[in-house]
Amino acid sequence: MAAPRHRPLWFALACWAVWLRAAVCLEGGQGTCGCSSANRASGEEAAARKYSLEANVAHQPRGGPESPQSKEEGRQMASIPAGVFTMGTDEPAIQQDGESPARRVHIDHFFMDRYEVSNAEFEKFVNATGYLTEAERFGDSFVFEGVLSEQVKTGIHQAVALAPWWLPVKGANWKHPEGPDSNISNRMDHPVLHVSWNDAVAFCSWAGKRLPTEAEWEYSCRGGLENRFFTFDPFLFASGSKNNKESPFLYMLP
């Protein structure tokens, strides 16, 4: 399957859009946007057990990146060596994110997909299973305001209190990343968006893999770098570039 080659943004934001990668361990209330609805959290504990490393270790491809299923899915995986790294920071930009304090963490050897799961890959999963993402079932998802059309923004009267640049958009989902007036026809090799944790573990289970832990993710994406806030060229965050429509990263925001 096609895999995106664009330079990714390695930062985490609290929203319903996440970029997916899969890992293989070798070590054995009411609101119009549904934010406070109880059904968003229903089943999370059961799903956590179902897709935990302990529950799925027997189902992991034994041959790593060269296993028959990995070959069938066309996913290129990288071998991540065991090691110790500094996770988190002592100077968090947003205290509520829980990224502090900085601490030393040991990671065992594992394999991880080289590229994010693309729209084309996620579409194969959906076509094979009939899966509906949570954004599709809820009827809305959050979108970065900088990529929304003025027509869509005129109908939005809510925002996240502590992150007003994230707006709830009716009809936004993985097939319509910026709302009903958008599509992915020319972005099939871009990372899939508007995928919740439950959606992610469902995809990984179908692919015979699992989600990486937060520590595995940060360790692998740092690429051995220490004391670096961003591991990529922070072009998007240069002065005034957040609203720069020419930014090559703009439509790849989670």
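1. Let's start with the aromatics. This is a predicted model, and a search through the whole of it turns up 9 aromatic pairs. Take F125 and Y131: their ring centres sit 5.3 Å apart with the planes at 35°, so this pair counts as tilted. Both F125 and Y131 are buried.

2. F125 has another ring partner, W206. That pair is tilted too, at 5.4 Å centre to centre and 50° between the planes. F125 belongs to helix α4 and W206 to helix α7, so the contact ties together parts that are 81 residues apart in sequence. The two ends don't see the same amount of solvent-accessible surface: F125 has a relative accessible area of 2%, so it is buried, while W206, at 25%, counts as partly exposed because the buried class stops under 20%.

3. If you're colouring rings in your viewer, pick out F122, F125, Y131, W174, F203 and W206, since ring pairs link these residues into a cluster.

4. Now the nonpolar packing. Which residues touch the most other members of the largest nonpolar core? They are F122, F125, W174, V192 and F203, out of 14 residues in that core. Helices α4 (119-129) and α7 (197-207) each supply at least two of the core residues. The largest share, 5 residues, comes from α7. There is also a second, separate core of 12 residues, and F142, V147, V152 and W166 are among them. As background, nonpolar side chains tend to be buried together in soluble globular proteins.

5. On to charges: the salt-bridge count comes to 10. One to look at is K209 with D113, where the closest N and O atoms are 3.0 Å apart. K209 is in the loop between α7 and α8, whereas D113 is in strand β5 (residues 110-113), so to speak of distant parts of the chain is fair: the two are 96 residues apart. Both K209 and D113 are buried.

6. A more local case is E134 with R137, a salt bridge whose closest N and O atoms are 4.0 Å apart. The cut-off is 4 Å. These two residues are separated by about one helical turn, because they lie 3 residues apart in helix α5 (residues 134-138). E134, at 5% relative accessibility, is buried, but R137 is partly exposed at 48%.

7. Helix α6 (residues 150-153) has a similar spacing, with E150 and K153 lying 3 residues apart, about one turn of the helix. Their side chains meet in a salt bridge at 3.2 Å, N to O. E150 is exposed, with a relative accessible area of 55%, and K153 counts as partly exposed at 24%. Salt bridges with shared partners bring in E145 as well, joining E145, E150 and K153 into one network.

8. Last, helix α8 (residues 214-222). Is this helix mostly covered or mostly open? Mostly covered: 7 of its 9 residues are buried. The buried residues are A215, E216, E218, Y219, S220, C221 and R222, so have a look at the charged names in that list too. Just after α8, G223 takes a positive phi of about 60°.

Technical notes:
Residues are numbered from 1 along each chain as its sequence is written. This is a predicted model: local features need pLDDT of at least 70, side-chain atom pairs count only at pLDDT 80 or more; totals for chains, interfaces and linings use all residues. Side-chain values use heavy atoms; hydrogens and water are left out. A nonpolar core is a set of buried Ala, Val, Leu, Ile, Met, Phe, Trp, Tyr and Cys residues joined through side-chain atoms within 4.5 Å. Buried means under 20% relative accessible area, exposed over 50%, partly exposed in between (1.4 Å probe, protein chains only). Helices (H or I, at least four residues) and strands (E, at least two) are DSSP runs, numbered from the N terminus. Rings of Phe, Tyr and Trp (its six-membered ring) pair if their centres lie within 6.5 Å; planes under 30 degrees apart count as stacked, over 60 as edge-to-face and the rest as tilted.
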